[in-house]
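Visitor: Could you take me on a close look at a single part of this model, and then follow the trail wherever it leads?

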Amino acid sequence: MKPEAPDVAGALAARRVGIDTYRENVVFLRRDCPLVRAEGFVALSKVEVRAAGRSILAVLNVVDDPRLLGECELGLSEQAFALLGIGEGEPVRVTHAEPPPSLAALKRKIAGHRLSRDELAAIVRDIAGRRYSKIELAAFVVATNQFELDRDEVLHLTAAMAAAGRRLDWRALDPAALVVDKHCIGGIPGNRTSMIVVPIVAVHAQRCGMLMPKTSSRAITSPAGTADTMACLAAVELPFERMQAIVREQRACLAWGGRAQLSPADDVLISVSRPLSLDSPGQMVASILSKKIAAGSSHLVLDIPLGPTAKVRDMASAQRLKKLFEYVAQRLGLALDAVITDGRQPIGRGIGPALEARDVMQVLHGDAAAPQDLREKALRLAGRVLEFDPAVRGGDGVKLATEILDSGRALAKMRAIVDAQGARAFDWRAPPLGRLSHVVEAPADGTVIGIDCERLARIARLAGAPQTPGAGVDLLRKLGEAVVRGEPLYRIHAGSAAELQFAREVAERASGFTIGDADNLPAPAGEF
């Protein structure tokens, strides 16, 4: 039943319209609403909505169908309704919103000018306060991509983004502890090393001053994020107080960072930059480092994959990006060890939450079928994290990480973390995969000389990952392996016939595998 108009002069009745507008506040008014005529509202106007002592900024959409809204109702999208925090039918007031105070600075960047610390801070405050429309956000993202930010602009942007939201403080648990983290810039399917690194480091941390409270993201345009994969094993949406309790006991956790409101301006910018496939070096550095600083990290190992279909595709660009990360991190007091790694192909065999969780558990169990590339990369990265401990000599970290993994202590620690967060039923030997599948076969005899990371990630998403945890791609062949015509290259898993068909059609146009002469196999890129 529709809510009645409120008995408050000049107010409208709030109505939740059940429309997901993804990180954008949108409200809806009837064209014949008296307020529309009185205030001169037009579609896509920026408005301020106030109710019960709270206010939000939103974009207005105008409705002509009287079946959708009452004449004196204000429809609110899911995002807007949640932020305003009111009930259906409660009185709300709507007025024109003032332009963002930083609009002049935005226009200067659009014109190609260098921005000051204060100008960037003002822009970030307005982005975090949701004062920018999607059009204005897109203008900022494109401008910073076209007129590349210099290193001091990146520094100021990072500092402003970290300061705009909540900042986690772990000193109450251990005032002298090193708060360590490991992060990858992304672009490589699989690559679920964090879920192996964290329990290895947590074992060592039980006897040294180290914490690893890993807050990770969910996938936006990829087939799985660390939080999506961990969610197959345990609860990941944890309030900070529960995270603290888990880290106090286990010295680590693997949780979703979305509830903590870390660098909220970054979340807003990502909602625009990812669909545009824009990932400029400056935005990337600011995005990653602001989140890590806000999460309370003091030491970070950063994985920069290099490969023909990775985010970074040549060594010169990789080195420039590494130096930019180091410059900003050093000036913001974050100890950083950035490593350029081999990004020629996916890491592990699974692409999608359940398949990646299977790979992780195979490595932790020491299973004979465990993907060795995932094991070796995780050990190398874990070793570098362990070497932040002054008691671990440089070069000894990998050996220590290997001992912890092979002894079964990392598996035991992972089980303890999973139990502490809230274990979920998951049989890694027979993971719950999509009920429908399709095998993609080799078109000719030869050697696998190329695997397109972007293509396989797209196929996995079309199959339903990560929304359907059991959907994705299971790789049956990797770079350098010989194949014969008709031999399986990978298997697509999907939860519905429509999703399987979408994925099959894309795979049939271009499988993502290149079969050729072994002499044309590209050389390994990066340190490992």
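Guide: Let's start at Tyr-22, which has 36% relative accessibility and so counts as partly exposed, since that value falls between the 20% and 50% cut-offs. Keep in mind that the model is predicted. Tyr-22 sits in the loop between β1 (12–16) and β2 (26–30), and its backbone is worth a look: phi is positive, about 40 degrees, although Tyr-22 is not a glycine. Arg-23 is another non-glycine with a positive phi, about 60 degrees. Arg-23 is also found in the loop between β1 and β2, and with a relative accessible area of 27% it is partly exposed.

From Arg-23 you can step straight to a cavity. A search of the whole structure turns up one cavity of 30 Å³ or more, and the largest cavity holds about 100 Å³ of space. Its lining is made of 13 residues, with Arg-23, Glu-24, Asn-25, Arg-130 and Tyr-132 lying nearest the centre. The elements that give two or more residues to that lining are β4 (54–63) and α5 (134–146), and β4 supplies the largest share, three residues. By character, the lining of the largest cavity splits into six nonpolar, two polar and five charged residues.

Now for the rings. There are two aromatic pairs in the structure. In one of them, Trp-170 and Phe-240 have ring centres 5.1 Å apart and planes at 65 degrees, so you'd call it edge-to-face. That pair ties together distant parts of the chain, 70 residues apart: Trp-170 is in the loop between α6 (151–163) and β7 (178–184), while Phe-240 is in helix α9 (residues 240–250). Both Trp-170 and Phe-240 are buried. Elsewhere, Arg-218 places its charged end over the ring of Trp-256, 5.9 Å from the ring centre.

Further along is helix α13 (residues 353–365). Its 13 residues should span 18 Å at 1.5 Å a residue, and the end C-alpha atoms are indeed 18 Å apart. Of those 13 residues, 12 are buried, so α13 is largely enclosed by the rest of the structure. The buried set includes charged residues such as Glu-356, Arg-358 and Asp-359. Just after α13, Gly-366 takes a positive phi of about 70 degrees.

One last backbone stop: the peptide bond from Ala-465 to Pro-466 is cis, with omega near 5 degrees. You'll find Pro-466 in the loop between α17 (453–462) and β15 (472–475).

Definitions and conventions:
Residues numbered from 1 in each chain as written. Predicted model: local features only at pLDDT ≥ 70, side-chain atom pairs only at ≥ 80, totals over all residues. Heavy atoms only, no water. Phe/Tyr/Trp six-rings, centres within 6.5 Å; stacked < 30°, edge-to-face > 60°. Helix = DSSP H or I, 4+ residues; strand = E, 2+ residues; numbered from the N terminus. Buried < 20%, exposed > 50% of the residue type's maximum accessible area, 1.4 Å probe, protein only. Lys NZ or Arg CZ within 6 Å of the ring centre and 35° of its normal. 1 Å grid on protein atoms, 1.4 Å probe; cavity = no way out; pocket = protein on both sides within 12 Å on 5 of 7 lines; lining within 4 Å. Points joined across faces, edges and corners; volume = space filled by probe spheres on them. Expected span 1.5 Å × (residues − 1).
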